[in-house]
Amino acid sequence: MNRKEIVSLIILILVLAFGFYRYKTVKYTTEKSKFIMDTWVRVTATAKSKNVGKMIDQTFTYMENLEMVLSEYEPEGWLWKVNQSRQSNFPMDQDAFQILQLADSLYRLTGGKFDITIKPVFDLWKFGSGDSLVSDSILTPAITHILPDSLLIKEKLKLVGFDRIRFDQEYLYKPSGMQLTFGALAKGYIVDRAHEYMHSLGVLKGSIDCSSSMVFWGNKLLPNVVGITHPRRLNEVIATLQVRDIAIGTSGDYQQCFDLDSLRYHHILDAHTGYPVKDVFSVTVLNPSAFLADGLSTAVFLMDPEQALEQIKQIPNTNAIIYFRKNNTITSLKSIGIKSMIQSEKIQ
């Protein structure tokens, strides 16, 4: 074999090797959106398969099936049947069991202010569209809203009390007339489960964005940039964060709300009083679990900001940023980890 033939052979081997490398490393990325859980859910996915778009469609179906089970408004769902039944004992759904476990922890963390049995009181306020797990919508105009009667709130509070529930992996017991809402927890739970499902399909990198609950994974090069909505200027962001491989949950007083006589009334109710929390505007929590981040964002919202941040410090891999009223202005409290993630912040 002469020199020219040897060079040609080497070039051929290099071309074949490069082609094989490209074949083994090629990836396909697709993004799709769908209206689920009363909000637009945006999913991005990167995989080695050309069918990555089909994987996203399968994920949407998976999320819709979970929503049906956990929604208090779906007649075919487990939660709707529990709430509408006159029975006291119910066979346990395993997804509901996971939610009840976290609800129990957050009930104890907040001294009972976070309570998923708040539904009878919540319904008096007529927040949201009433056809899904939880709405991220902003309700206007305020002129169509009136406050619930204070005596009726007091009466309905008699039906509230998570400590009267008993449950295990087999059964749920609740007193007659008590109703549950998973609105503060279900979205994050579904996001986590959908993330796991996409991983099982072969998705290598992606994100699931449900506005108030989101997760990012697999991005090894550039960080994801996430904006936190300004609670009083909703077309602006109050801060941007650079994050990697993390889930984010945000609770705000601008979601499901109305203004009346210069006061903001919103959907995050203190189970001790039956009324919305005052002077807290927005809470964002970061944790590897969207489920935990979602639940903690509401739990922290219900607590004194300083005390809440101390509690956050005790939870591994968890960070939070709280916007609240102090001296009649918006101020913020941040965990140490958040400070290293902030790209920009504009409170005023």
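## Exercises on salt bridges, strands and loops

D270 is buried, with a relative accessible area of 11%. That residue opens the first exercise. Please keep in mind throughout that this is a predicted model.

**Exercise 1. Find the salt-bridge partner of D270 and work out which parts of the chain the pair ties together.**

Step 1. Look for the partner: D270 forms a salt bridge with K113, and their closest N and O atoms are 3.9 Å apart. The cut-off for a salt bridge is 4 Å, so this pair falls within it.

Step 2. Place both residues. D270 sits in the loop between β12 (263-266) and β13 (280-287), while K113 sits in the loop between α4 and α5 (119-125), so the salt bridge ties together parts that are 157 residues apart in sequence.

Step 3. Check how covered each partner is. D270, at 11%, is buried, whereas K113 is partly exposed at 27%.

**Exercise 2. Describe the salt bridges R108–D104 and D123–K119, giving the helix and the accessibility of each partner.**

Step 1. Start with the distances. The closest N and O atoms of R108 and D104 are 3.6 Å apart; for D123 and K119 the value is 3.0 Å.

Step 2. Now the helices. R108 and D104 both belong to helix α4 (residues 94-109), four residues apart, or about one turn of the helix. D123 and K119 are also four residues apart, about one turn, with both in helix α5.

Step 3. Finish with accessibility. R108 is exposed at 55%, and D104 is partly exposed at 24%. In the other pair, D123 is partly exposed at 31%, but K119 is buried at 6%.

Step 4. Put the pairs into context. The whole structure holds 18 salt bridges. Among the residues taking part are R232, D253, D259 and R264, which are linked in a network. As a general reminder, side chains of opposite charge can pair when their charged atoms come close.

**Exercise 3. Stay in helix α4 and decide whether D95 is buried or exposed, then list what it touches.**

Step 1. D95 lies in helix α4. Its relative accessibility is 15%; buried means under 20%, so D95 counts as buried.

Step 2. Leaving aside residues up to four places away in sequence, D95 touches L66, L70, Y189 and R193.

Step 3. One of these contacts is polar: the side chains of D95 and R193 meet at 2.3 Å.

**Exercise 4. Trace the strand pairing around β13 and in the sheet that contains β16.**

Step 1. Begin with β13. Strand β10 (residues 247-252) pairs with β13 in the antiparallel sense over six bridges, and G249 has V285 of β13 as its bridge partner.

Step 2. Turn to the pairing with strand β14 (residues 319-326). Six bridges join β14 to β13, again antiparallel, and L286 stands opposite N319 of β14.

Step 3. Ask how covered β13 is: eight of its eight residues are buried.

Step 4. Move to the open sheet of three strands, whose order is β8-β9-β16 with antiparallel pairing. Its edge strands are β8 (224-229) and β16 (342-345), each pairing on one side only. On average, neighbouring strands of this sheet are turned by 15 degrees against each other, with direction ignored.

Step 5. Zoom in on one pairing there. Strand β9 (residues 237-243) joins β16 over three antiparallel bridges, and A239 has E345 of β16 as its bridge partner.

**Exercise 5. Compare the backbone angle phi and the accessibility of N327 and N328.**

Step 1. Locate N327 and N328: both residues are found in the loop between β14 and β15 (329-334).

Step 2. Read the angles. N327 has a positive phi of about 55 degrees although it is not a glycine. For N328, phi is near 65 degrees, also a positive value in a residue other than glycine.

Step 3. Check the surface. N327 is exposed, at 71%, and N328 counts as exposed too, at 65%.

**Exercise 6. Judge where the model deserves caution, using pLDDT.**

Step 1. Take the overall figure: the mean pLDDT of the protein is 89, and 87% of its residues reach 70 or more.

Step 2. Look for low stretches. Over residues 129-135 the pLDDT is below 50, and this stretch has 27 contacts in the model beyond near neighbours in sequence.

Step 3. Residues 137-143 also stay under 50, with 14 contacts beyond four places in sequence.

Conventions
Residues are numbered from 1 along each chain as its sequence is written. This is a predicted model: local features need pLDDT of at least 70, side-chain atom pairs count only at pLDDT 80 or more; totals for chains, interfaces and linings use all residues. Side-chain values use heavy atoms; hydrogens and water are left out. A salt bridge is a side-chain nitrogen of Lys or Arg within 4 Å of a carboxyl oxygen of Asp or Glu. Helices (H or I, at least four residues) and strands (E, at least two) are DSSP runs, numbered from the N terminus. Buried means under 20% relative accessible area, exposed over 50%, partly exposed in between (1.4 Å probe, protein chains only). Two strands pair if DSSP finds at least two bridges between them. Axes are lines fitted to C-alpha atoms, for helices over the stretch in contact, and angles run from 0 to 180 degrees between N-to-C directions. pLDDT is the predictor's confidence in each residue, from 0 to 100. Contact means heavy atoms within 4.5 Å. A polar contact is a pair of N or O atoms within 3.5 Å; within protein, one must be able to donate a hydrogen and the other to accept it, and residues adjacent in sequence count only if both atoms are side-chain atoms.
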